[in-house]
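Please look over the sequence and the 3D structure shown here before reading on. The report is meant to be read with both in view.

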Amino acid sequence: MSMPCRPSSILVGLLALIALTGLPQTTWSQSDDLRFVEAYDALLQRYVEAPGPGYSGVDYVGLAAAPERAQVRALLEAARLPEGFASGEKALLLDAYNFLVLDAVAEAWPLSSVRDDAGFFTEKRHRAFGERYSLDGLEKQTLYKRYPDPRLHLALVCGAVGCPPLWNRSYALAAEQRVRDAAGAAPSSTAVARLDEAAYAEAVDALLDAAARRAVNRSDLVREDDGQARLSRIFEWYADDFGGSTAAVLDWINRYRDNPLQATRAAYLPYDWKVNQLRMPVEDVPGELLEIPPIERAPNSGRYVVSSTIPRGTAEIRLFNNLYSQRTRNAEGNFADRSTFFTSQFSALYALNDRFMLGV
């Protein structure tokens with residue numbers, strides 16, 4: 001999206017649900033809808049860090065090389081929005097947008113900022129539900145125009161550090177699973193299924209409430225300093241959606257805060273447009289995804305060839321610092337422990353003549 005950025009990102013897919021006796025039900029039209037959200041959900045859990053109290057990001061190195069990304073893209077194009085089922089359409093559009101943002105960043109990788117990719121939100125077109133959309137068109141002219149819910153600003157992502165945290169689950173699939181769990185039903189399959197509309201709408205509502213809580217309880221998005229609220233620019237750009245006045249915006253935020261803000265004044269934090277890349281080295285990405293060839297190490301005899309050409313009577317001083325950090329995945333596939341290592345190497349050489357040097 002263009003300025004203002006939509007803190008959020010993209011995907012669309014839908015699901016199967018069990019019918020509850022005596023309640024209104026609808027039928028998803030295509031099994032592609034179900035396959036899309038299932039494939040997208042698996043992609044999120046593999047490449048997106050679960051949101052926590054601190055920074056969480058996306059493993060774009062792995063995602064850019066992931067063969068399953070093209071499959072999710074194809075399933076999204078084949079999926080269709082459900083007719084007469086508002087909450088299902090809302091969840092699918094939300095998923096679609098977030099996937100397309102992830103996919104667009106991965107396609108352009110390596111990328112420092114989405115703002116460096118001309119037309120990222122406004123011009124580039126993406127296929128979803130048999131149509132072509134820009135990211136802005138999908139977000140503002142489709143999703144938010146049909147469902148003007150301010151919580152969406154905190155569930156959509158824009159591929160930047162300043163965005164609200166991207167949840168590593170499909171909203172459409174998670175809502176289906178909540179309804180099934182409540183009904184004691186069996187897990188979903190890719191077969192076309194009937195959904196309990198009222199229960200599904202409540203599940204989507206609960207998930208958006210959770211997205212709002214995750215965002216407004218993050219100190220990088222909302223905090224209070226010296227009696228003044230410090231807010232993400234999301235609340236400035238979309239102030240009308242959150243109530244208009246400063247008092248109304250703070251009121252809205254406090255509905256979801258664990259510790260309500262006491263301030264009556266607000267200032268806005270600088271927006272960080274750097275790509276929300278997971279802070280991990282390439283070495284942590286599975287080798288089969290990156291297809292990294294074996295490292296060819298040069299023989300030791302060639303390692304100091306630069307120093308051998310130092311003219312007589314001159315000196316060379318080197319200081320090399322290396323900071324290395326790695327993260328491991330737990331049994332559930334989420335990133336867990338981090339180990340960090342620092343090394344420093346110093347050398348000094350003086351050329352006695354063209355062939356001999358003194359060094360430490």
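The report goes from the whole chain to its core, its disulfide and some residues with unusual backbone geometry.

This is a predicted model, in which local features need a pLDDT of at least 70 and side-chain atom pairs count only at pLDDT 80 or more, while totals for chains, interfaces and linings use all residues. Residues are numbered from 1 along each chain as its sequence is written, and side-chain values use heavy atoms, with hydrogens and water left out.

**The chain as a whole**

The secondary structure of the protein chain amounts to ten helices and eleven strands, where helices (H or I, at least four residues) and strands (E, at least two) are DSSP runs numbered from the N terminus. The chain has 360 residues, of which 48% count as buried; buried means under 20% relative accessible area, exposed means over 50%, and partly exposed lies in between (1.4 Å probe, protein chains only). Its accessible surface is about 17,500 Å², and carbon and sulfur atoms hold 50% of that, the areas coming from the Shrake-Rupley method with a 1.4 Å probe. Among contacts in the chain with a separation of 6 or more, 76% join residues 24 or more positions apart, a contact being heavy atoms within 4.5 Å.

The average pLDDT, which is the predictor's confidence in each residue on a scale from 0 to 100, is 78 for the protein chain, and 68% of the residues score at least 70. Over residues 5–24 the pLDDT is below 50, although this stretch has 141 contacts in the model beyond near neighbours in sequence. Residues 189–193 also have a pLDDT below 50, with 21 contacts beyond near neighbours in sequence. Where pLDDT is low, the predicted coordinates should not be read in detail.

**Core, helix H4 and disulfide**

The largest nonpolar core, meaning a set of buried Ala, Val, Leu, Ile, Met, Phe, Trp, Tyr and Cys residues joined through side-chain atoms within 4.5 Å, has 88 residues, and those touching the most other members are Leu102, Phe129, Leu231, Phe235, Trp252 and Ile253. Helix H4 gives the most to this core, with 13 residues. Glu89 also lies in helix H4, and this residue counts as buried because its relative accessibility is 12%. The side chain of Glu89 makes a polar contact with the side chain of Tyr147 at 2.4 Å; such a contact is a pair of N or O atoms within 3.5 Å, and within protein one must be able to donate a hydrogen and the other to accept it, while residues adjacent in sequence count only if both atoms are side-chain atoms.

A search of the whole structure finds one disulfide, a term for a pair of cysteine sulfur atoms within 2.5 Å. Cys158 and Cys163 form this link with their sulfur atoms 2.2 Å apart, and the angle of -115 degrees about the S-S bond makes the link left-handed. Both Cys158 and Cys163 are buried.

**Unusual backbone geometry**

Most residues other than glycine have a negative phi, and most peptide bonds are trans. The table lists two residues with a positive phi.

| Residue | Phi | Relative accessible area |
|---|---|---|
| Phe129 | about 55 degrees | 6% |
| Asp226 | near 50 degrees | 81% |

Phe129 is in the loop between E3 and strand E4 (131–133), and it is buried because its relative accessible area is 6%. Asp226 is in the loop between strand E6 (222–225) and strand E7 (228–231), and it counts as exposed because its relative accessibility is 81%. The peptide bond from Trp109 to Pro110 is cis, with omega near 5 degrees, and Pro110 lies in the loop between helix H4 (86–108) and strand E3 (126–128).
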